[in-house]
Amino acid sequence: MIEARHLRVLRAVAATGSFSAAARELGCTQPAVSQQMKALEQSARTPLLVRTGREMRLTEAGEALVRHATGILAGLTAAEEEIAAIAGLRAGRVRLVSFPSGSSTLVPSALAEMRAAHPGTQISLVEAEPPRSVEMLREGDCEIALAFRYPEVRGADPAAGAEWDDLVVRPLLTDRLIGVVPEGHRLAGAERIGIAELEDEPWIAGCPRCRRHLVEVCESAGFTPRIDFATDDYPAVFGLVGAGLGVAVMPELALESVRPKGARTVPVEPVVQREIVALTLPDLARVPAVGAMLNRLAAAATR
């Protein structure tokens, strides 16, 4: 019989490439990892790993089992949570992963309300930008991922719209991008500006997904932006713009938690928006604690 704890060990070994690294990730000893892998191979009745010197790789059977492990573990988690709710234990766990501007605006009130309504539910938060946050969801490292995506721009990847097809998508809000220029900039007092008016400016760009989208939008307007600085820290963006080192576009959501100093915001055209959503796996969507957290995130987005 294949046990869930053995699958978790196999997944850790596959991800880290060694027993010692897997032991560190799982918080146990290397001999314990080795023993559980031996037990799993006995249950599977076939080798799952091939060891060559210090290197370790999965056999064909090992690769197949790792592919199934995430779905199996997610299904087990869903079963455990539903059984606990039915039994009236009022227990559970919700691990949330969010991008920074979401974790500073949408998430705090949603977490506070969730904790007040369900004190027995364990809630945790870590930060990661998409697509890493979505990978964490699929790998079983969280129950909910707060993520965003931009509309397709000419020349964008045609497969981008299908990236969440296997997930439950809970739309939260649409977030407009706003231009940010130094206070003394020639366009600082404008009511709105065309993005092509910033063609000759140095740019400060954000996370890789935001940076890629910025390039696509600018190229659709007829120029390629000269990106001098890149940071996903929004206070740093304002600091760089305020120091006169370039211009940027930022989500309106980020402006709620950052006080601009030495910089001015101005709407840009064409209007560019990003879709902000909460994502979970289909099995996890039926877990009461996950559903309650999704509802509170949706409520926070309407305020």
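Here is a short walk through the structure, one selection at a time.

**Start with the whole chain.** Keep in mind that you're looking at a predicted model. Show everything as a cartoon: the protein chain has 12 helices and 12 strands. Its C-alpha atoms fill a box of roughly 70 × 50 × 35 Å along the principal axes. Of the 303 residues, 45% are buried. If you look at contacts with a separation of 6 or more, 72% of them join residues 24 or more positions apart.

**Next, select residues 4-16 and 19-26.** These are helix α1 and helix α2, and their axes come within 8 Å, crossing at roughly 120°. That angle makes α1 oblique to α2. The crossing of α1 past α2 is right-handed. Now show side chains where the two touch. From α1, pick R8, V9, A12, V13 and T16; from α2, pick F19, A21, A22, E25 and L26. Colour them by class and you'll get 7 nonpolar, 1 polar and 2 charged residues in this contact.

**Stay on α2 for a moment.** Which residues of α2 are buried? Select F19, A21, A22 and A23 and you have them. To see what covers these buried residues, bring in α1, α3 (30-44), β1 (49-52) and β2 (55-58), which are among the covering elements. Then step just past the end of the helix: G27 follows α2, and its phi is positive, near 75°.

**Now go to the largest nonpolar core.** It holds 63 residues, and I144, L172 and L297 are the ones that touch the most other members. Which helix gives the most to this core? Select residues 288-301: that's helix α12, and it supplies 9 residues.

**Zoom in on L297.** Leave out its neighbours within four places in sequence, and see what else is in contact with it. You should find L96, V107, A110, I144, L146, L172 and A278 around L297. Two of those names, I144 and L172, came up a moment ago alongside L297 as residues that touch the most other core members.

**Last stop: another core.** There is a second, separate core, made of 17 residues. To find it, select L7, L40, L48 and L49, which are included in it. With those four shown, turn α1 and α3 back on: L7 falls in the stretch 4-16 of α1, and L40 falls in the stretch 30-44 of α3. L49 sits in β1, which covers 49-52.

Definitions and conventions
Residues numbered from 1 in each chain as written. Predicted model: local features only at pLDDT ≥ 70, side-chain atom pairs only at ≥ 80, totals over all residues. Heavy atoms only, no water. Axes fitted to C-alpha atoms, helices over the stretch in contact; angles between N-to-C directions. Helix = DSSP H or I, 4+ residues; strand = E, 2+ residues; numbered from the N terminus. Parallel < 35°, antiparallel > 145°, perpendicular 65-115°, else oblique. Left-handed = near helix turned anticlockwise from the far one by under 90°. Contact = heavy atoms within 4.5 Å. Nonpolar A, V, L, I, M, F, W, Y, C, P; charged D, E, K, R; others polar. Core = buried A, V, L, I, M, F, W, Y, C linked by side-chain atoms within 4.5 Å. Buried < 20%, exposed > 50% of the residue type's maximum accessible area, 1.4 Å probe, protein only.
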